[in-house]
Amino acid sequence: MQVKKYRADSMKEALESIKKELGPEALIIETRKVRSKGILGFFQPLKVEVTAVLEGTSKQLYQPKAAEIDPKVMENTVKEVARLKEMINTIKSESALSTVIKSPEEVLQIKPLELIKKRLLDTGMSLDSVGCLLKELIFDGVDLYNVAAVENGIYNVLKKSLKTKAPMINKKPYLILLVGTTGVGKTTTIAKLAAKYHLKEDHKVGLITIDTYRIAAVEQLKTYAEIINIPLEVAFNKDDYQKALQRFKEMDLIFVDTAGRSQNNMIQVGELREFIAAQKPAEIHLVISATSKIDDYRSIVAAFVPLGVTHLIYSKADETLKHGALFEILTKTQIPLSFITTGQKVPEDLETASVEKVIELITGD
Ligand SMILES: Nc1nc2c(ncn2[C@@H]2O[C@H](COP(=O)(O)OP(=O)(O)OP(=O)(O)O)[C@@H](O)[C@H]2O)c(=O)[nH]1
Ligand SMILES: [Mg+2]
């Protein structure tokens, strides 16, 4: 009896080599997916390893002499035997394959996957998204039995699904609007951004507020503008707004603070549209708070994105440990994240978004 292991890129290739070397009588006794040895093997796709045996006795079977058999019968028998052999080989290769490709239910019972699924669900990510991430691991050929490989695989899948982008500032004046629901941190974030771009990066920055519904709102931004030492214009209507823009035409950057709008009040959201139509901003950043509920994110995105949102800002990241919803929003909207805010302190609690930081937030690592 001859036993031999064959490694190939696919089951088909392995079976062809077996057939060529051992002949069609060879039996397949084991198939498994293996990784090439060494550190480089980790980055290679998995290979198929098939163990085949050839029974020595099969060659000594009784062979009738040609003369003992009617030639027609013989011809038919040879054809029939060939057909049966082919059938058996197909069945063998299919059953061999089925040990490699498992059903989704079985796949999820593999320990490292079960663990990572639980961890991702704990972040607040939806079952749907977790399923998609795990499916990507399988497509990427990750060794699902190896905890480190699964963790590394998840990192890579997250990395390719998430997008971040800082403001471009490629023309003058570069007009950026911050929009969002009430109390998410728009005004505080504008103060942090103004300090970053004026004090740290030496840009000429002007602030305009169109949030004139509350005296306190204007006072709040005025205080920040005075501390940072940059000009602030208050616009009660579109006319004021255009005049303010005109006064700031020599600025490098203009940030516009808007009133908090309920995503459920389309009239309020519509008022914003009028200002946007009066002067098309270079960028519109939608501020979403880490403390919102997942259902709220959906309606917020649905109400604000049609205004022409170009970036997302994730605020109040310090107020929760669960950031799975951020993955949902970024992947569903495909809008890049520009900044993350991590506290009430102006200007320090602001971070320029990076994919690594987002992954760190989501996975808690
Ligand atoms: N913990 C935490 N609090 C924040 C953060 N950003 C803002 N806040 C606080 O959230 C509250 C509301 O912030 P604002 O900047 O006034 O929010 P807004 O979106 O301008 O609110 P409206 O103009 O009323 O819609 C304030 O108490 C801020 O100090 C943050 O990143 N983390
Ligand atoms: Mg405000």
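## A three-stranded open sheet

In this predicted model, three strands make up an open sheet in the order 1-3-2, and their pairing is antiparallel. Strand 1 (2-8) and strand 2 are the edge strands, each of them pairing on one side only. On average, neighbouring strands of this sheet are turned by 20° against each other, direction ignored. As general background, strands of a sheet pair through backbone hydrogen bonds, in either a parallel or an antiparallel way.

Let us look at one of these pairings. Strand 1 and strand 3 (residues 47-54) run antiparallel to each other and are joined over 7 bridges. If you would like a landmark here, find A8, which stands opposite V48 in strand 3.

## A helix across the sheet

Helix 1 (residues 11-22) lies across strand 1, strand 2 and strand 3. Its direction makes an angle of about 145° with strand 1. M11 belongs to this helix, and with a relative accessible area of 6% M11 is buried. The C-alpha atoms of M11 and R32 are separated by 9.8 Å, with the two positions 21 residues apart along the chain.

## A nonpolar patch on the surface

Which residues form a nonpolar patch on the surface? They are M1, V3, L27 and I29, and together they have about 410 Å² of accessible area. L27 sits in strand 2 (residues 27-34). With a relative accessible area of 34%, L27 is partly exposed; patch members need over 30%, so L27 meets that cut-off.

## Salt bridges

The structure holds 19 salt bridges. One of them joins E49 to R7, with the closest N and O atoms 3.0 Å apart. This pair links distant parts of the chain, since E49 is in strand 3 and R7 in strand 1, 42 residues apart. The two partners can be set side by side: E49 is buried, at a relative accessible area of 4%, whereas R7 is partly exposed, at 43%. In general terms, side chains of opposite charge can pair when their charged atoms come close.

Another salt bridge brings together the side chains of E136 and K160, at 3.5 Å from N to O. E136 lies in helix 5 (residues 127-139) and K160 in helix 6, so this pair ties together parts that are 24 residues apart in sequence. E136 counts as partly exposed at 29% relative accessibility, while K160 is exposed, with a relative accessible area of 52%. Within a single helix, K357 forms a salt bridge with E360, and the closest N and O atoms are 3.8 Å apart. Both residues lie in helix 13 (residues 355-363), 3 residues apart, or about one turn of the helix. K357 counts as buried, at 17% relative accessibility, and E360 as partly exposed, at 39%. Salt bridges that share partners also join E136, D140 and K160 into one network.

## Backbone details in the loops

Two cis peptide bonds are worth a look. The bond from K172 to P173 is cis, with omega near -10°, and P173 is placed in the loop between helix 6 (147-161) and strand 4 (174-180). The bond from V346 to P347 is cis as well, with omega near 5°. P347 is found in the loop between strand 10 (337-341) and strand 11 (350-352).

Where does D202, with its positive phi of about 65°, lie? D202 is in the loop between helix 7 (186-200) and strand 5 (205-209), and D202 is not a glycine. With a relative accessible area of 66%, D202 is exposed. N229, also a residue other than glycine, has a positive phi near 70°. N229 lies in the loop between helix 8 (215-228) and strand 6 (232-234), and counts as exposed at 63% relative accessibility.

## The protein as a whole

Stepping back, the secondary structure of the protein comes to 13 helices and 11 strands. Of its 365 residues, 43% count as buried. Among contacts with a separation of 6 or more, 72% are between residues 24 or more positions apart. The accessible surface of the protein comes to about 20,100 Å², and carbon and sulfur atoms account for 55% of that surface.

Note on methods:
Residues are numbered from 1 along each chain as its sequence is written. Chains are lettered from A and ligands numbered from 1 in the order in which they are written. This is a predicted model: local features need pLDDT of at least 70, side-chain atom pairs count only at pLDDT 80 or more; totals for chains, interfaces and linings use all residues. Side-chain values use heavy atoms; hydrogens and water are left out. Patches are made of residues with over 30% relative accessible area and no salt bridge: like charges are joined within 9 Å, nonpolar side chains (Val, Leu, Ile, Met, Phe, Trp, Tyr) within 5 Å. Accessible areas come from the Shrake-Rupley method with a 1.4 Å probe; for residues, only the protein chains shown count as cover. A salt bridge is a side-chain nitrogen of Lys or Arg within 4 Å of a carboxyl oxygen of Asp or Glu. Helices (H or I, at least four residues) and strands (E, at least two) are DSSP runs, numbered from the N terminus. Buried means under 20% relative accessible area, exposed over 50%, partly exposed in between (1.4 Å probe, protein chains only). Two strands pair if DSSP finds at least two bridges between them. Axes are lines fitted to C-alpha atoms, for helices over the stretch in contact, and angles run from 0 to 180 degrees between N-to-C directions. Contact means heavy atoms within 4.5 Å.
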